[in-house]
Amino acid sequence: MNLDPLWLGGPVVSAHALVAILALLIGSVQLAFPKGTALHRGIGAIWVALMAGVAISGFWIHEIRLFGPFSPIHLLSVLTLSILIFSMVCVRIGRIDGHRRSMILLYLMGLVLTGAFTLLPGRIMHAVFFGG
C-alpha cells in the first residue's frame, strides 16, 4: 500500500477517502453489533456524521466534469444525504424496518459498491492499493 497518491490528490480528496474508509469500518461493526442498544445509537450517530462528511466533501471533488464542475457522481452525494435524513425520520417515527433497510442499502451502495469503483485502474485508490 502506497499512500502517496492519496496525499497528492489534495486535502479534500484525502479527507473524503479517509472518512469513507472509516465509515466503511465503523459501518461493518454497526451491522454486526446488536440493534436498538445505546451502543448502536452511539455508533450510529458517528456513522451518520461520517457519511454526511463523505457526501458533503464529495461536492468539492471535481475530477470528472460533465455539467460545469459536476458529474453524475455528485448525485450520489445528494442521494446519500437524502437517505440519511429519510432513515433518521424513519427511526424517530418508529418505522424501524424502513430505517434498517435504508441504512443497509446506504452502506452497500454508498460505501461498498462506490468503493469498489474507486479501485478501477486510473483512480487514486487503485494507485494506493495496487500501485501505478
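The paragraphs below lead through the helices of this structure, its core, its salt bridges and a patch on its surface.

The model is a predicted one, in which local features need pLDDT of at least 70 and side-chain atom pairs count only at pLDDT 80 or more, while totals for chains, interfaces and linings use all residues. Residues are numbered from 1 along each chain as its sequence is written, and side-chain values use heavy atoms, with hydrogens and water left out.

A good place to begin is helix H5, which covers residues 96-117; helices here are DSSP runs (H or I, at least four residues), as strands are (E, at least two), and they are numbered from the N terminus. The 22 residues of H5 should span 32 Å at 1.5 Å a residue, and its end C-alpha atoms are 30 Å apart, which agrees; the expected span is 1.5 Å times one less than the number of residues. In H5, the residues Gly-98, His-99, Ser-102, Met-103, Leu-106, Tyr-107, Gly-110 and Leu-111 are buried, where buried means under 20% relative accessible area, exposed means over 50%, and partly exposed lies in between, with a 1.4 Å probe and protein chains only. These buried residues pack against H2, helix H3 (38-58) and H4, with contact taken as heavy atoms within 4.5 Å.

The packing can be followed further in the largest nonpolar core, a set of buried Ala, Val, Leu, Ile, Met, Phe, Trp, Tyr and Cys residues joined through side-chain atoms within 4.5 Å. Of its 16 residues, Ala-23, Trp-47, Met-51, Leu-84, Leu-106 and Leu-111 touch the most other members. Helices H2, H3, H4 and H5 each supply at least two residues of this core, and the largest share, seven residues, comes from H3. Leaving aside residues up to four places away in sequence, Trp-47 touches Ala-23, Ile-26, Gly-27, Leu-84, Met-103, Leu-106, Tyr-107 and Leu-111. Thr-80, found in helix H4 (residues 73-92), is buried with a relative accessible area of 6%, and with the same sequence neighbours left out Thr-80 touches Met-51, Ala-55 and Leu-106.

H5 also carries charged residues. Side chains of opposite charge can pair when their charged atoms come close. Counting a salt bridge as a side-chain nitrogen of Lys or Arg within 4 Å of a carboxyl oxygen of Asp or Glu, the total comes to two. Asp-97 forms one with Arg-100, the closest N and O atoms being 2.1 Å apart, and Arg-101 forms one with Asp-97, where the corresponding separation is 2.2 Å. These salt bridges share partners and join Asp-97, Arg-100 and Arg-101 into one network. Asp-97 and Arg-100 are separated by about one helical turn, because they are three residues apart in helix H5. Asp-97 is partly exposed at 35% relative accessibility, as is Arg-100 at 44%, and Arg-101 is partly exposed at 49%.

On the surface, Leu-24, Leu-31, Ile-104, Leu-105, Leu-108, Met-109, Val-112, Leu-113, Phe-117 and Leu-120 make a nonpolar patch of about 810 Å². Patches consist of residues with over 30% relative accessible area and no salt bridge, like charges being joined within 9 Å and nonpolar side chains (Val, Leu, Ile, Met, Phe, Trp, Tyr) within 5 Å. Helix H2 (11-32) and helix H5 give two or more residues to the patch, and H5 gives the most, with seven. Leu-31 lies in helix H2 and counts as partly exposed at 39% relative accessibility.

Notes
Accessible areas come from the Shrake-Rupley method with a 1.4 Å probe; for residues, only the protein chains shown count as cover.
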